[in-house]
Amino acid sequence: MLYYLFDYLESEFNLMGASVFRFISFRAGMAALISLLITVTFGKYLIGMLRKYQLGEEIRDLGLQGQMEKKGTPTMGGIIIIMAIVIPTLLFAQLENIYIILMLVTAISMGSIGFLDDYLKLKKKNKDGLAGKFKIIGQVSVGLLVGLVLVFNDDVTVREFTYKSVNGQIISSFSDVKALITTIPFIKDNELDYHSLFGFLGQFDWVLYVLLVVFIFTSVSNGANITDGVDGLAAGTSAIIALTLAIFAYVSGNVTFSQYLNVMFIPNSGELVIFCTALVGACIGFLWYNAYPAQVFMGDTGSLSLGGIIAVLAIIVRKELLIPFMCGIFVVENLSVVIQVSYFKYTKKKYGEGRRVFLMSPLHHHYQKKGIHEAKIVARFWAVGILLAIFSLVTLKLR
């Protein structure tokens with residue numbers, strides 16, 4: 001909104017300094033600042049409201065150190081995260097941009113699903129919350145919407161450059177085309193065309209692409225949800241990933257940097273930097289209250305939306321094949337649960353008694369069972385997350 005206001009003031013009244021709102025870097029910085037201020041300033045009021053309405057976490061005794069002390073800690077703090085993402089985006093981004101619209105829809109819709117789940121658990125005293133099948137239906141529905149928009153919306157394009165020699169001079173031209181292509185890390189000619197991969201389906205090859213989007217979306221969303229198990233882990237990890245995606249979005253949306261780094265140029269994707277920095281600010285601000293010892297938990301309201309947002313951002317900037325590295329913490333946490341459950345069922349069927357690979361899953365609980373303090377676990381996971389982020393960014397140049 002402020003973007004349009006200052007654009008109008010510059011064009012009509014030549015207001016001094018209004019042109020600064022044209023720069024993505026300025027608007028991104030302001031989005032991060034406003035997002036941080038929203039979470040830090042209004043976070044305490046939200047915590048007070050959650051306490052007032054007795055929306056505190058119900059804790060199952062799993063025998064973890066310090067676990068029962070958290071009983072009654074307000075949850076559903078993801079509300080403030082979503083507010084701190086949406087408000088700065090509305091203020092500083094170009095709202096007609098298809099990618100911004102898609103990100104806002106993703107954040108609000110996934111936040112709504114998580115909110116309903118938290119509400120049923122806490123206010124209605126339904127320990128299971130939203131039934132698993134309905135949660136999956138919600139995730140799949142949002143994933144389908146994202147996939148279909150990316151396939152059929154005319155504003156979702158990539159830029160193809162062609163070069164020819166005319167009288168000894170190199171002349172370049174370009175065209176913006178619809179293409180289901182992505183980036184393969186560490187490969188020199190690093191573009192994978194999904195049309196060629198799924199070509200056996202003919203004109204319906206987009207169907208498998210949409211299903212792939214749904215799979216990525218639900219996997220990352222659930223991975224973030226599972227990671228949200230100790231104070232500050234999901235928020236800190238999400239902030240690291242969001243900053244990485246902000247860099248990818250800036251490079252992919254800037255024709256100069258994309259050509260210099262030989263990265264796919266995606267028209268209009270630069271606006272995503274504003275959304276990403278708002279996400280970084282929201283996560284860091286939330287840590288003000290969520291770091292150990294946590295005064296509030298994000299609940300499914302926050303974790304489901306964070307995972308969904310990260311998945312869609314990665315897909316839009318054509319970096320979904322980097323998710324196993326970039327979102328490595330989410331992936332490992334998710335895999336630890338899958339491995340634990342699968343091995344337990346296998347050994348129970350084979351030996352009549354279920355056995356475990358980990359002391360407890362997800363993985364962070366395994367380390368808690370080993371007696372490591374949760375603050376140290378979170379710090380180490382953050383360190384690994386930073387290393388994975390650096391490794392992901394290195395793919396911009398290392399091929």
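Which residues does Leu245 touch, not counting residues up to four places away in sequence?

**View 1. Contacts of Leu245 in the predicted model.** Leu245 touches Cys276, Ile310 and Leu313. Ala314, Val317 and Met326 complete its list of contacts, with residues up to four places away in sequence left out.

**View 2. The largest nonpolar core.** This core holds 92 residues. Tyr209, Leu245, Phe275 and Leu313 have the most contacts inside it. Helix 10 (residues 272-290) supplies the largest share, 13 residues.

**View 3. A second, separate core.** This core has 8 residues. Among them are Leu233, Ile329, Leu363 and Val378.

**View 4. Helix 4 against helix 5.** The axes of helix 4 (residues 98-122) and helix 5 (residues 132-152) come within 10 Å. They cross at roughly 175 degrees. An angle over 145 degrees counts as roughly antiparallel, so helix 4 is roughly antiparallel to helix 5. From helix 4, the contact draws on Ile98, Leu102, Val105, Thr106, Ser109, Met110, Ile113 and Asp117. Helix 5 meets them with Lys135, Gly138, Gln139, Val142, Leu145, Val146, Val149 and Leu150. By class, the residues of this contact are 10 nonpolar, 4 polar and 2 charged.

**View 5. The chain as the setting for the close-ups.** The secondary structure comprises 15 helices and 4 strands. Buried residues account for 49% of the 399 residues. Of the contacts between residues at least 6 apart in sequence, 71% join residues at least 24 apart. The C-alpha atoms fill a box of roughly 80 × 60 × 35 Å along the principal axes. The radius of gyration is 22 Å, which agrees with the value near 21 Å for a compact globule of 399 residues.

How values were computed. Residues numbered from 1 in each chain as written. Predicted model: local features only at pLDDT ≥ 70, side-chain atom pairs only at ≥ 80, totals over all residues. Heavy atoms only, no water. Core = buried A, V, L, I, M, F, W, Y, C linked by side-chain atoms within 4.5 Å. Buried < 20%, exposed > 50% of the residue type's maximum accessible area, 1.4 Å probe, protein only. Helix = DSSP H or I, 4+ residues; strand = E, 2+ residues; numbered from the N terminus. Contact = heavy atoms within 4.5 Å. Axes fitted to C-alpha atoms, helices over the stretch in contact; angles between N-to-C directions. Parallel < 35°, antiparallel > 145°, perpendicular 65-115°, else oblique. Nonpolar A, V, L, I, M, F, W, Y, C, P; charged D, E, K, R; others polar. Rg over C-alpha atoms; globule rule 2.2 N^0.38 Å.
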